[in-house]
Amino acid sequence: MTCRHTRLLLEDFLDHELPQAERDQVQRHLESCTDCRSEYEELVRLKELMGTVTAPDPGRDYWQQTTQVVLAKTVDSTAATAADRVAVRRREAAKTAFVRSLISAAASLAILVSAVMIGSLHRSAGDWQDPAEQPVLLSASIQEELDLRRVPVFTEYERGRLARGMLLLGAPGYLGKSAVLPEYLWAAM
Amino acid sequence: MKSIPDLVKAFIEGDQEAFAELVVRYRRKVYSLAHRILGNHLDADEVVQETFVRIYSRKEDLRDVSHFSSFLMRVATNYAIDILRKRKGHSGVGEDTSSLPGDIQLHLARQVATPREEFENKQLMEEIRRALDSLPPKQRITAILHDVEGYSKAEIAAIFECPEATVRSNLHIARIKLRKLLKQRLKPKE
């Protein structure tokens, strides 16, 4: 084997990647050729030198921390994303339910207030033993008629009731009557 | 203890515990390679984290469970190359360990036998690191994968997804350059 041929195969020889037959040929040449042997030994030293390029061991704490960081960015992130979506849906549902309950409460309150108002009116009515004693509300049309006709048609008793300030629309006996209400109110007072 | 192929198969099917186990099994290898390529802890740490994040998000690219190791190393080396390119002339030589977390500094310090050894090792390491840094990324990584990490040319070809002849050529050129740069260190001891 020539020097030129040997040098072409030297690296494969160094890396143990030559078929046995060629390997034997290179080995024999190196034993007899100083220059090629010198070349080969330099390659060996280079490989040994490269082997000294070590990576330090940062320690068990580092491995644990790094693993946790990696898992936080991957596995936990995926789980967190899914959990976040569930949490967002739950919050939205709770918000909707809260708004609905507010609306319901407001509606209930409105009904309650109305009922109380109506009830208080009825209760006011019930305060008088004699229904005839209940105060009445005058509608605007009756007020107008009273003003126009200016005829005192209320009895003394009725004037007293009017003086209490309230006339219920549609109270029996009062519809159609006309009077100058403000005057009688003052007169009754 | 599950085998690597079983873990990889489970990981591809969505088993997150299998992925966690793969991280534990391969983290040192990735760190070691990254540190040898980049020369410092912080960059190596970044490569470790980013490599596994990318692996996790790209598990659909894993065509064959037997290719997981080369796939992992490919992702790691590609990211290391990205860092080298960003660095552009800023060498990782002479890592300033004072910037590292205290517990890591302490651990690294404990690995050096004597101050004299520390000094000699440091000088040698800097010289080798400078020589490696002068190589283009692919030649540098090929030399490290082959002569430091012990990968065969076929394995390196799988990592780089290139023909074996390309690996052979890169390694040959890298060795020629390194021999020139480290000539003094390669002289026979008298």
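Read along the sequence, which pattern does chain A follow? Chain A runs α-α-α-α-α-α-α-α, which comes to eight helices and zero strands. Helices here are DSSP runs of H or I with at least four residues, strands are runs of E with at least two, and both are numbered from the N terminus.

Before going on, a word on the ground rules. This is a predicted model, where local features need pLDDT of at least 70, side-chain atom pairs count only at pLDDT 80 or more, and totals for chains, interfaces and linings use all residues. Residues are numbered from 1 along each chain as its sequence is written, chains are lettered from A and ligands numbered from 1 in the order in which they are written, and side-chain values use heavy atoms, with hydrogens and water left out.

**The two chains**

Chain B has 10 helices and zero strands, so to speak a run of α-α-α-α-α-α-α-α-α-α from the N terminus on. The table puts some totals for each chain next to each other. Buried means under 20% relative accessible area, exposed means over 50%, and partly exposed is in between (1.4 Å probe, protein chains only). Accessible areas come from the Shrake-Rupley method with a 1.4 Å probe, and for residues only the protein chains shown count as cover.

| Chain | Buried residues | Exposed area |
|---|---|---|
| Chain A | 28% of 189 residues | about 12200 Å², 59% from carbon and sulfur atoms |
| Chain B | 46% of 190 residues | about 10000 Å², 51% from carbon and sulfur atoms |

Now for contacts, meaning heavy atoms within 4.5 Å. Take those between residues at least 6 apart in sequence: in chain A, 68% of them join residues at least 24 apart. For chain B, the share of such contacts joining residues at least 24 apart is 65%.

**Rings**

Rings of Phe, Tyr and Trp (its six-membered ring) pair if their centres lie within 6.5 Å; planes under 30 degrees apart count as stacked, over 60 as edge-to-face and the rest as tilted. Over all chains, the count is eight aromatic pairs. One tilted pair is A:Tyr62 with B:Tyr31, at 5.5 Å centre to centre and 55° between the planes. This pair joins two chains, because A:Tyr62 lies in helix α4 (residues 60–73) of chain A and B:Tyr31 in helix α2 (residues 16–38) of chain B. Both A:Tyr62 and B:Tyr31 are buried. Ring pairs also bring in A:Trp63, linking A:Tyr62, A:Trp63 and B:Tyr31 into a cluster.

Some rings have a charge over them, which takes NZ of Lys or CZ of Arg within 6 Å of the ring centre and within 35 degrees of the ring normal. The charged end of A:Arg23 does this for A:Phe13, 4.3 Å from the ring centre. In chain B, B:Lys59 lies over the face of B:Tyr56, 5.1 Å from the ring centre.

**Two buried residues**

A:Asp12 belongs to helix α1 (residues 3–14) of chain A and is buried, with a relative accessible area of 15%. Leaving aside neighbours within four places in sequence, A:Asp12 is in contact with A:Glu17, A:Leu18, B:Lys153 and B:Arg168.

Over in chain B, B:Ile83 lies in helix α4 (residues 68–87). B:Ile83 is buried too, with a relative accessible area of 8%. Not counting residues up to four places away in sequence, B:Ile83 touches B:Leu38, B:Asp43, B:Glu46 and B:Val47. B:Asp43 is 40 residues from B:Ile83 in sequence, yet the two are 7.8 Å apart in space, C-alpha to C-alpha.
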